[in-house]
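Here is a short report on aromatic rings and on one polar residue. Keep the structure open beside the text as you read.

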Amino acid sequence: MPKDGGIGASSKRREDVRFLTGAGNYTDDINIRGQAYVHFLRSDIAHGTIKSIDTGAAAAMPGVVRIFTGSDFEGVGGMPCGWQVTDKHGQPMQEPAHPILAQGKVRHVGEPVAAVVADTLEQARDAAEAIALDIDELPAVVDMKAALADGSTKVHDDLNDNLCYDWGFVEENKDAVNKAFENAAHVTSLELVNNRLVANPMEPRVALGDYARGTDDSTLYTTSQNPHVIRLLMGAFVLGIPEHKLRVVAPDVGGGFGTKIFHYQEEAFCTFAAKACNRPVKWTSSRSEAFISDAHGRDHVTKIELALDADNNFTALRTETHANMGAYLSTFAPSIPTWLHGTLMAGNYKTPLIYVNVKAVFTNTVPVDAYRGAGRPEATFQLERVVDKAARELGVDPIALRRQNFITEFPYATPVAVEYDTGDYHGTMDKLEEMGDFAGFAARRAESEKNGKLRGLGVNCYIEACGIAPSNLVGQLGARAGLYESATVRVNATGGLVVMTGSHSHGQGHETSFAQVVAEMIGIDENMVEIVHGDTANTPMGMGTYGSRSIAVGGSAMVRATEKIINKAKKIASHLLEASEADIELKDGAFSVAGTDKSVAWGDVTLAAYVPHNYPLEDIEPGLEETAFYDPANFTYPSGAYACEVEVDPDTGKVTIERFAAADDFGNIINPMIVTGQVHGGIAQGIGQALLENCAYDENGQLLSASYMDYAMPRADDLPMFDVDHSSQTPCTHNPLGVKGCGEAGAIGSPPAVVNAVVDALQSAGKDVMHVDMPLSPDRVWAAMQ
């Protein structure tokens, strides 16, 4: 039976009450008396030299407060990159300046060139249209390989070329890997594309800057996944505002999927302009702006090769990837194709030798950065597609080939520098075979064929690294920030708790699951615990929410802070009960003396903490409030096995997903309902990438899929009912909760399962098709069948 509350219970999400009743408080709901509005004039060409910007007529229009151009930001810092990658020759990456407003050149469609601040948004838009902008258009580089081959067209004139870095990992493995390929009994090779995506969270980005001249304090309200990081980056590196003079507030946020991790130009602009204009300045992105200003995701082109011996054991793996950075380096962009991708290329398999090469390339496109999964979906897609292709070439069962090569002993040190602490890959595959009713597939395929359809079954396995850590290691790898998390637990005199966290919730259900953890530790009702996040003025310094880190890192910080609370409360209880502290036990919200019936309630102890009549103040100071910072010792390593069944219409190429099963190992589970919801959302996004979504540019750098008219998002009727299970649990060994991440798994495991299923369907019809690039639109599938 499910628990009524605490860890392991499917407690209903408390935050949903305000969301479902329209009582949420989003950034666009915040308005400050006297605020002005900004509209950005954005470049409509991908690459060009700015010859002139005439703002005279626009500045004279009604309601215009001020017009800003790049010249207003000379001497102001540009947008910082939070991770430096060193190439395979030991040289730092090429890192171009990224101005708040374009200076001298424009480098992608959508780059802000000027900003009009006016009394109303309509007046700002009208004035922006009156700005006379003269840009001398230059050839655009869009294709990554062409960008490297054509030395005459550079995105940044001050760089040597369009190559950001050429990264090799593990470089000392390279010769041994090549030798293994020379000696292989079989080699499978595959070239594939991981298509560029637009994140499209439900809430577009918003920024509202405010300035208090009397105190010289600046406040930014923004749609961010990590307000403390935004305060650090914007204050220290962009605008030069001391952190104690800058407050960043991220209230309710309507989804992020990674795209709201980064520090954006609009945030810095609104903060800067509020002070310059001495009034609040607000910007709300339109959906059209989001397509050309939000960081995009994925966009890799890869050649992957797998070597096997005569017994079908994997002996070596090598990849060569071109990764698109876009026109500038977004906050964490350099780390995505390298340390979050190359380190996961072992997957679930005991391949002894691996070499990964990544060439990061500048192009005249919107910058590319983390999108749900961030590097791990790219690694899993390559690996699981080449394993499936190898099975077909060898004529062996794809599940049997995977099982033969599974890692079975833990901890396991991979050849790509990470160590998996726990896992049971056979266990999740066993569960998947049961859930997916593989034994009944032949009958379902025969039924589809009777109806003139092709039916395919695709499976895949995945592993991911979550809760990126530890700070000292990632610092050596180029991270320019720590990756710890923090929590302050404040106990009120009457026993209720306020937990202030550096993590941020934007759909994950933190207000529910975090409360479950603290309530379980003390033995009180979850409703006595309030979770506070999103405001740098009243939460401890933390790194925010991304990379499925919140419960593993943020939750662990809460555990450590709560442990401090309990330890102090036990001291007080020992005085109240006139017993040794060592004999005090806490259970079900009461302190008792071991082996006796003497006890005192939690609320009585907390009241005594603030009314200290019954214990010596020279031994114990009043109050109950503690802070803890937690820096994880290692990543957590969730894993799983997914299965997809599709029907393909041979006349049109249309793919319909008939069944989908996901067996995941997330370690210990805090709230099963929330975990299931996270997996559902991830699978939906992964299916969107596999079948529908594609961010396409033409040769001039114009975005062809710049609206929902041309960018196909998954809808309810594109998705089947998902069968999700997370009963296979191998707890993490190095955090106090034994938890692993869950938020990105669905987006990692689903794309290869879908593509493997479609290829299986085409193969069943005798089609010699080994691969179709995503998205598997009807025209692509139909063309492959021809």
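## Aromatic pairs

This model is predicted. The structure holds 27 aromatic pairs. A pair of aromatic rings is described by two things: the distance of the centres and the angle of the planes.

Start with F40 and W283. Their ring centres are 5.9 Å apart, and their planes meet at 80°. An angle over 60 degrees counts as edge-to-face, so the F40 and W283 pair is edge-to-face.

## Where F40 and W283 lie

Find F40 in strand β1, which covers residues 36-42. W283 is in strand β12, residues 281-284. The pair therefore ties together parts that are 243 residues apart in sequence.

Are these two residues buried or exposed? The cut-off for buried is under 20% relative accessible area. F40 has 4%, so F40 is buried. W283 has 1% relative accessibility, so W283 is buried too.

F40 and W283 also belong to an aromatic cluster. The other members of this cluster are F68, F73, F269 and F272.

## A second pair

Now look at Y642 and F660. Their ring centres lie 5.9 Å apart, with the planes at 80°. This pair is therefore edge-to-face.

Y642 sits in strand β26, residues 639-648. F660 sits in strand β27, residues 655-665. The two residues are 18 residues apart, and their pair links distant parts of the chain. Both Y642 and F660 are buried.

## Charges over rings

Which ring does the charged end of R205 sit over? The ring belongs to Y264, and the charged end of R205 is 3.6 Å from the ring centre.

R318 gives another case. Its charged end sits over the ring of F181, 4.0 Å from the centre of that ring.

## A buried polar residue

Turn to N324. This residue is found in strand β14, residues 314-326. Its relative accessibility is 3%. Buried means under 20%, so N324 counts as buried.

What does the side chain of N324 reach? One partner is the backbone nitrogen of G326, at 2.9 Å. Another is the side chain of T363, in a polar contact of 2.8 Å.

Set aside the neighbours of N324 within four places in sequence. N324 is then in contact with V142, M144, R196, D299, V361, T363, T365 and V368. T363 thus appears in this list and as a polar partner of N324.

Conventions
Residues numbered from 1 in each chain as written. Predicted model: local features only at pLDDT ≥ 70, side-chain atom pairs only at ≥ 80, totals over all residues. Heavy atoms only, no water. Phe/Tyr/Trp six-rings, centres within 6.5 Å; stacked < 30°, edge-to-face > 60°. Helix = DSSP H or I, 4+ residues; strand = E, 2+ residues; numbered from the N terminus. Buried < 20%, exposed > 50% of the residue type's maximum accessible area, 1.4 Å probe, protein only. Lys NZ or Arg CZ within 6 Å of the ring centre and 35° of its normal. Polar contact = N/O pair within 3.5 Å; in protein donor to acceptor, adjacent residues only side chain to side chain. Contact = heavy atoms within 4.5 Å.
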